[in-house]
Amino acid sequence: MADSVNVFPPSLRVTDADGNPVAGAKLKFFEAGTSTPLTVYSDDALTTSLGTVVYCDSAGYPVTAEGGSTKTLIYAGTTDYKLTITDADDVTIAEHDDNPGALDTSGFAVTSAAPSMPVVTRATSSWSVASDAPGTLYRCNVAGSSQTVSFPSAVTAGDGYLFGLQYDGVASANVVIYQTVSGQTITDGADSAASSGALVEHGQTKWFVSDGAGWRVAFAKRGLLDRGQAILVTDRLTAAPASPTAGAIYLINGTPTGTWSSLSFAEHDLVEADGLGGWTRHRPTTDCGWIAYVQDENLFTAFTGTAWADWSNIEAPAQTYQKVAVFHHQRADGTGGGSTLTGSRQTYPLTTFVNSGGSNVIPGVSLATNTITALPVGTYRITGKAVFRNPDEAQLYFYNVTDAATAVTGAVVYAATSVGNDAVAFIDGIFSVDTEAGENFRVEYRVGQATGAVGLGGASGYSDGVEVYGVFVITSLAEIQGPQGDTGPQGAAGDDAGNARLTFNTSTTAADPGAGKFAFDSATLGSITAMYISATDADSADIDDFLATLDDSTSSIKSTITFRENGTPGNFLTVKVDGTATDNTGWWTVPVAYVSGALPSNADSMKMLASQTGDAGVTTAGIVFDLDGGASNIESGLQAWVQVPFACTIQEASLLADTTGSIVIDVWKDTYANYPPTNAESITASAPPTLSSAQKSSDATLTGWTTSVAAGDVLMANVDSVSGLNHAVLTLKVERS
């Protein structure tokens with residue numbers, strides 16, 4: 001419609017000074033400030049002309065023609081005008097110039113207003129979005145079932161048509177699948193276009209806008225619980241699964257095949273199933289920092305550089321057991337142990353593999369005809385004892401059948417030859433198996449006097465079912481460890497994947513490398529022994545306090561420092577701090593040694609990341625000597641020995657006895673090569689472990705003792721004198737080096 005303005009409102013008429021109508025008055029129109037006549041009209045559309053002069057009837061009311069009776073309104077266009085009012089004889093009654101014409105709206109944009117955002121609920125399983133209700137948000141209530149939503153044609157809806165879909169209802173297996181018509185696509189940013197998709201989380205919302213030919217995702221919101229959490233990835237695959245769940249996301253972990261290959265997907269892409277056989281690709285960019293949780297593998301992975309890098313997933317260690325094999329010489333209740341033979345060494349009967357098949361058994365080992373077979377590669381300890389009736393003297397041996405050599409020799413014990421005197425022979429020692437296929441062993445004995453059916457143990461009748469005359473335990477030393485040391489202090493916290501940004505200086509001079517710079521004392525990686533580093537980083541931040549922590553640990557390696565080139569993290573250099581740093585005021589000298597990586601180029605910008613080593617832990621252990629006289633008193637000269645598998649320092653000696661009595665025990669030490677030790681290798685000086693009419697004693701002073709023990713040394717406890725005791729235990733408390 002034309003722009004117009006009503007000149008004479010309805011009921012307005014021309015009157016004289018006394019208010020009387022002027023019959024035949026004339027209204028003459030001109031362009032403002034001129035004498036150029038201006039046409040006026042009887043309608044606001046400016047289609048019916050009244051000419052440039054409008055005549056009035058006898059009552060002074062404008063009419064459509066001179067002398068006519070049809071009353072009219074008067075409209076002018078956008079041109080400013082002048083109005084002259086005269087009587088029928090053209091005598092001027094009034095004149096008004098520069099009257100504004102109508103507002104010119106020809107340059108105004110013509111738009112249609114849409115509702116702000118009406119909300120419509122949909123709860124049926126299949127429905128279509130309206131093409132004449134722009135701005136509508138559809139609440140998709142999936143409490144009853146999943147929904148399939150069809151878009152209107154983007155061509156019909158037109159460019160700029162906007163609507164939204166929101167997943168509504170308690171999260172469940174139900175989903176909202178949306179799809180276009182006529183093969184039109186939905187594009188989300190720079191990712192590949194698809195013709196369908198899915199909403200799978202409570203509160204998840206997407207808005208779609210038409211471009212006249214297809215659809216684009218205008219904006220989207222994840223579920224109500226999403227606050228930047230990791231992307232949930234169902235699995236890592238190279239081929240599309242047969243029946244994926246709508247909304248399921250997969251990580252392509254190799255060259256894609258099948259459907260994924262035909263869609264030009266690539267390794268590292270995340271692809272989302274729409275539930276209708278279609279896929280939407282999400283392609284990570286270099287260092288985008290995406291984090292995904294792979295549900296099938298229970299681990300996190302992050303897109304670092306140009307590939308996905310799995311995070312270390314810390315799990316509780318699996319339960320472990322001390323691995324042992326226990327063997328008995330076992331007979332029926334009231335049955336003697338069997339007869340002994342004198343002369344050469346004899347095979348000792350092993351009748352029962354006690355823990356065969358147990359969770360803590362040494363794997364692979366078995367017992368066949370008194371022989372322990374297939375003991376696997378490793379280091380072991382054999383401890384055991386056996387009862388002999390009237391043997392005069394007795395001794396046990398652990399014999400390696402495979403190597404035809406004695407592995408461990410037990411102590412000699414004595415018993416009177418009269419009837420009823422028993423002796424308990426002991427064996428205790430460490431041995432190794434080196435053959436991959438395993439090695440075979442047997443227990444052997446030697447006695448000074450043969451005895452009849454009870455030589456290998458008398459029939460006591462007290463064991464309530466079985467008689468056990470010999471017990472032998474083989475322990476794997478691979479699972480033995482001391483108590484855990486104290487936890488070291490936490491290392492200094494990093495900032496933004498690095499403690500500081502620094503520039504490399506190729507100078508090898510022991511001097512201030514310059515503000516924000518670092519240097520080494522050698523250009524040869526293997527010859528680096530010191531780092532020179534500024535107390536301020538390349539961003540002018542003070543890092544004095546941080547540098548002071550690099551040598552705080554009590555471990556020999558104080559910290560590990562890695563320099564990575566900014567923008568090229570694959571260019572790195574790692575060194576370890578192995579000494580005390582020196583503050584030179586404004587710069588530091590830090591003792592370091594090369595670990596890995598390459599030397600940077602001059603002026604390279606590097607990010608420094610330092611990881612402090614925890615303080616060294618302290619581990620203590622006990623070395624035990626069991627001195628048992630059996631049914632008789634301990635005799636002078638009784639010995640027990642053990643090979644120590646680790647270096648250590650003796651801190652304390654304690655002595656316990658079965659009753660009040662007196663005993664003096666010397667301790668001898670020698671190398672494995674010189675075994676056995678003798679009195680000449682005593683380490684107790686004038687302060688051997690002693691009980692004097694007492695049942696216990698402890699000595700942490702160890703006056704004059706040689707307390708250092710090397711790995712593999714053999715310690716032997718020798719009874720120098722004894723009175724009134726059947727059983728005594730000497731324990732040496734040691735600190736491992």
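**Close-up 1. G410, a buried glycine in a predicted model.** With a relative accessibility of 3%, G410 falls under the 20% limit and therefore counts as buried. The structure shown here is a predicted model. To find G410, look in the loop that links β34 (405-409) with β35 (413-414).

**Close-up 2. The surroundings of G410.** Which residues does G410 touch, once its neighbours within four places in sequence are left aside? The contacts are Q395, L396, F426, I427 and W641. It is also worth picking out G384 in this view: 26 residues separate G384 and G410 along the chain, and their C-alpha atoms lie 9.1 Å apart.

**Close-up 3. A patch of negative charge on the surface.** Here D80, E95, D97 and D98 come together as a negatively charged surface patch. One of these residues, D97, makes a good starting point. D97 belongs to strand β8, which covers residues 92-99. Is D97 buried, partly exposed or exposed? Its relative accessible area is 35%, between the limits of 20% and 50%, so D97 is partly exposed.

**Close-up 4. A nonpolar patch on the surface.** Three residues meet in this view: I291, F300 and W311 build a nonpolar surface patch. Together they offer about 250 Å² of accessible area. I291 is located in strand β24 (residues 291-294). Because its relative accessible area is 32%, I291 is classed as partly exposed.

Terms used:
Residues are numbered from 1 along each chain as its sequence is written. This is a predicted model: local features need pLDDT of at least 70, side-chain atom pairs count only at pLDDT 80 or more; totals for chains, interfaces and linings use all residues. Side-chain values use heavy atoms; hydrogens and water are left out. Helices (H or I, at least four residues) and strands (E, at least two) are DSSP runs, numbered from the N terminus. Buried means under 20% relative accessible area, exposed over 50%, partly exposed in between (1.4 Å probe, protein chains only). Contact means heavy atoms within 4.5 Å. Patches are made of residues with over 30% relative accessible area and no salt bridge: like charges are joined within 9 Å, nonpolar side chains (Val, Leu, Ile, Met, Phe, Trp, Tyr) within 5 Å. Accessible areas come from the Shrake-Rupley method with a 1.4 Å probe; for residues, only the protein chains shown count as cover. A salt bridge is a side-chain nitrogen of Lys or Arg within 4 Å of a carboxyl oxygen of Asp or Glu. Lys and Arg count as positive and Asp and Glu as negative; His and the chain ends are not counted. The place of a charge is taken as NZ of Lys, CZ of Arg, CG of Asp or CD of Glu.
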